[in-house]
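Welcome! Please take a moment to look over the sequence and turn the structure around, and then we can walk through it together.

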Amino acid sequence: MNSEEQAQGEKKVMQLLVEPLKRRGLAKPSSLTVADFEEMVRDMCAWLAYMSAGSLMALEEQVAASPGGKDRDRFPISNQILQWAGEIQPPGDSASPLIRAVFSHACGQTAIAEGWAPELLFDLRKNRRWPSAWALGTIRDGAASTLRRYRDLEGRLAREGELGPVDLDWWDRRNAALQRCREIGEGVAA
């Protein structure tokens, strides 16, 4: 997402989520100052800029049905809204700052170089948190059989010059997934 798309997305979030909720009468959470609330809304708009208009309208309904505060007349905290947003329309790989950061970091680059980046991407999509050293080892170990198959097919392709249709399909899908991870790491994934 480039800066122009980001700005347009943030404007769309304001128009389709924040403003309708304010018109419904939801006020800032009592635990926040006006400045803190405005900052929370700006941050939330930046995080949700990837969402489609339909998903934002669905999110607006969800938030309106589950207001915060003792009197149920307050905006829920943004963390709750972001969680609901992720359930309604999960961010794509390139829209997720976490996924982009992991793949541009040394741990993501190692996963790309060693060939287990698609398994790391799957884990990041599922858990939405920075992988610990233990998690990285577990992901790498879990990818061992896939890596063996990849190396076996690579050797067969080098020796024989071709693969059967099933193996070729698997090979092409695996290479596409590896390329996607490389693009995320380079910041060119759209």
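Let us start with one residue and work outwards, keeping in mind that this is a predicted model. Find Leu59 and look at what surrounds it: setting aside residues up to four places away in sequence, Leu59 touches Leu17, Leu48, Met51, Ile81, Trp84, Ala85 and Ile88.

That little neighbourhood leads us into the largest nonpolar core, which has 21 residues. Within this core, the members that touch the most others are Leu17, Leu48, Leu59 and Ile81. Two or more residues each come from α1 (3-23), α2 (34-48), α3 (53-65) and α4 (78-88). Of these helices, α2 gives the largest share, with 6 residues. There is also a second core, separate from this one, with 17 residues. Ala111, Leu121, Leu124 and Ile184 are among them.

Now step back to the whole chain. How many helices and how many strands does the protein have? The secondary structure comes to 10 helices and 0 strands, and reading along the sequence gives the pattern α-α-α-α-α-α-α-α-α-α. The C-alpha trace spans about 70 × 30 × 25 Å along its principal axes. The radius of gyration is 21 Å, while a compact globule of 190 residues would have one near 16 Å. Buried residues account for 38% of the 190 residues. If you take the contacts between residues at least 6 apart in sequence, 66% of them join residues at least 24 apart.

Next, let us see how two helices meet. Two packed helices are described by the angle between their axes and the distance between the axes. The axes of helix α5 (residues 97-104) and helix α6 (residues 106-114) come within 4 Å and cross at roughly 70°. With that angle, α5 is roughly perpendicular to α6. On the α5 side, Val102, Phe103 and Ser104 take part in the contact, and they meet Ala106, Cys107, Gly108, Gln109 and Ile112 in α6. The residues of this contact divide into 5 nonpolar, 3 polar and no charged.

Moving along the sequence brings us to helix α7 (residues 117-127), where the buried residues are Ala117, Pro118, Glu119, Leu120, Leu121, Asp123 and Leu124. What lies over them? The cover for these buried residues includes α5, α6, α8 (133-142), α9 (144-160) and α10 (165-186). Just after α7, look for Arg128, which takes a positive phi of about 50°.

Two further residues make a nice pair to look at. Is Arg174, in helix α10, buried or exposed? Arg174 counts as buried because its relative accessibility is 8%, under the 20% cut-off. Apart from neighbours within four places in sequence, Arg174 is in contact with Gly115, Trp116, Pro118, Glu119, Thr146, Leu147 and Tyr150. Pro118 and Glu119 are also among the buried residues of α7.

Then turn to Ser30, in the loop between α1 and α2. Ser30 has 64% relative accessibility and so counts as exposed, the cut-off for that being over 50%. To place Ser30 in space, compare it with Met40: the two are 10 residues apart in sequence, and 13 Å separates them from C-alpha to C-alpha.

Note on methods: Residues numbered from 1 in each chain as written. Predicted model: local features only at pLDDT ≥ 70, side-chain atom pairs only at ≥ 80, totals over all residues. Heavy atoms only, no water. Core = buried A, V, L, I, M, F, W, Y, C linked by side-chain atoms within 4.5 Å. Buried < 20%, exposed > 50% of the residue type's maximum accessible area, 1.4 Å probe, protein only. Contact = heavy atoms within 4.5 Å. Axes fitted to C-alpha atoms, helices over the stretch in contact; angles between N-to-C directions. Parallel < 35°, antiparallel > 145°, perpendicular 65-115°, else oblique. Nonpolar A, V, L, I, M, F, W, Y, C, P; charged D, E, K, R; others polar. Rg over C-alpha atoms; globule rule 2.2 N^0.38 Å.
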